[in-house]
Amino acid sequence: QLQFVESGGGLVQPGGSLKLSCTAPGFNLDPYAIGWFRQAPGKELMGVLCIERDNQITHYGDSAKGRFTIYRENAKNTVYLQMTSLKPEDTATYYCILDEIRCPAPGHKVDLWGQGTQVTVPS
């Protein structure tokens with residue numbers, strides 16, 4: 001069964017950087033659209049960035065514009081989220097998701113297959 005392993009989170013001061021990693025042991029991510037979603041305490045799950053099968057990028061909002069980058073490293077079967085200029089509003093648990101065809105449309109329900117990784121940016 002598909003199982004994501006998200007890692008790289010931690011506590012970082014405002015303005016700092018983190019690079020999150022998403023892997024799926026025993027499962028090849030290359031043929032699929034892979035996205036990073038996040039959920040703050042008491043809030044709904046929201047998309048951040050998603051990379052299509054052809055490596056086009058889907059943006060789910062303006063919050064991450066100019067600060068976050070999503071990219072693949074297929075030789076390592078890993079999808080990364082490079083986060084810079086972090087803000088307190090970025091505090092959330094970050095999850096990766098998979099779609100067989102393309103990145104989910106905003107508002108579409110997605111399934112979570114990992115534990116996520118916690119990012120905390122103090123105010």
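This passage walks through the fold of one protein, from its overall build down to single residues. The model is a predicted one.

Start with the big picture. The protein has 10 strands and zero helices. Reading along the sequence, then, the pattern is simply β-β-β-β-β-β-β-β-β-β. As for overall dimensions, the C-alpha trace spans about 40 × 30 × 25 Å along its principal axes. The radius of gyration comes out at 13 Å, and this agrees with a compact globule, because a globule of 123 residues would have a value near 14 Å.

What about inside and outside? Of the 123 residues, 41% count as buried. The protein exposes about 6800 Å² in total, and 48% of that area is supplied by carbon and sulfur atoms. On the charge side, there are 11 positive and 12 negative side chains, and the centres of these two sets sit 5 Å apart. The contacts also say something about how the chain comes back to itself: among those with a separation of 6 or more, 59% link residues 24 or more positions apart.

Now for the strands themselves. Six of them make up an open sheet, in the order β2-β10-β9-β4-β5-β6, and the pairing is mixed. At the edges sit β2 (10-11) and β6 (57-59), each of which pairs on one side only. The edge strand β6 is held to β5 (residues 46-51) by three bridges, with the two strands running antiparallel. One bridge can be picked out by name: C50 has T58 in β6 as its partner.

Another pair worth a look is β7 and β8. Strand β7 covers residues 68-73, and six bridges join it to β8 (residues 78-83), again in an antiparallel arrangement. Within this pair, T69 stands opposite Q82 of β8. The two strands form a hairpin with four residues between them, and there N77 takes a positive phi near 50°.

Which side chains of β7 are buried, and which are not? In a regular strand, side chains alternate between the two faces of the sheet. Strand β7 shows just such an alternation. F68, I70 and R72 point to one face and are buried. T69, Y71 and E73 point to the other face and are not buried. It is worth noticing that the buried set includes R72, an arginine, alongside F68 and I70. T69, the residue opposite Q82, belongs to the set that is not buried.

Definitions and conventions. Residues numbered from 1 in each chain as written. Predicted model: local features only at pLDDT ≥ 70, side-chain atom pairs only at ≥ 80, totals over all residues. Heavy atoms only, no water. Rg over C-alpha atoms; globule rule 2.2 N^0.38 Å. Buried < 20%, exposed > 50% of the residue type's maximum accessible area, 1.4 Å probe, protein only. Contact = heavy atoms within 4.5 Å. Areas by Shrake-Rupley, 256 points an atom, 1.4 Å probe, with all protein chains shown as cover. Lys, Arg positive; Asp, Glu negative; His and termini not counted. Charge placed at Lys NZ, Arg CZ, Asp CG, Glu CD. Pairing = 2+ DSSP bridges.
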